[in-house]
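Work through the exercises below with the structure in view. Each one is followed by a worked solution.

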Amino acid sequence: MSQPPHTPVPPPAPSHHLAQINVGFLKAPLDHASMAEFVELLDPINALADRSPGFVWRLVGEGESDATRMRPLGDDLLINLSVWESVESLWDFTYQTEHLELLRRRRSWFERFSGAHLALWWIPAGTVPTPEEGERRLETLHTKGPSAEAFTLRNRFGPPATPRFSHS
């Protein structure tokens, strides 16, 4: 009698996802001529994020394709809030796609930021972060430096340990 073929067991679903917030003070209103190229790039870059491996969710305004009209943290402060499966998937999108060119040109459209402009933290899979939570994480990173509570792509922390259950 032959053995049935071995079927690989899929890995367990992650217990945590990576939340990220980045913010920037606009140099000019979005309808100003100096911002035209940035505005033109929003839809293609957001579409690229949406189809990137590891992408989970991003903040968008109601009935909008992005969050540029939302100003929950101030009139001149743009917010980008998203969720990814891992630090690696966010890093790949940020530095291994066309997004990198936008990042290189950010000083054309945004003022220098004196505090933390990017913060990462782990959230339970299936939950969605709020702008207010992101603002708290930026403040934590700015005042305390990188920790498991708020960190950066350069100073990373892993997801919280998942409790292991024994079958006794």
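**Exercise 1.** Decide whether Ser82 is buried or exposed, and say why.

*Solution.* Ser82 has 4% relative accessibility, so Ser82 counts as buried. The cut-offs are under 20% relative accessible area for buried and over 50% for exposed, with partly exposed in between (1.4 Å probe, protein chains only). This is a predicted model, in which local features need pLDDT of at least 70 and side-chain atom pairs pLDDT 80 or more, while totals for chains, interfaces and linings use all residues. Residues are numbered from 1 along each chain as its sequence is written, and side-chain values use heavy atoms, without hydrogens and water.

**Exercise 2.** Place Ser82 in its strand and list its contacts.

*Solution.* Step one: Ser82 belongs to strand β3, residues 77-84. Strands are DSSP runs of E with at least two residues, helices runs of H or I with at least four, numbered from the N terminus. Step two: beyond neighbours within four places in sequence, Ser82 contacts Leu18, Ala19, Gln20, Trp57 and Arg58; contact means heavy atoms within 4.5 Å.

**Exercise 3.** Give the strand order of the sheet and name its edge strands.

*Solution.* Step one: the 4 strands form an open, antiparallel sheet in the order β2-β3-β1-β4. Step two: β2 (55-58) and β4 (118-124) each pair on one side only, which makes them the edge strands. Two strands pair if DSSP finds at least two bridges between them. Step three: β1 (residues 16-25) pairs with β4 over 7 bridges, in the antiparallel sense. Within β4, Leu118 is the bridge partner of Asn22.
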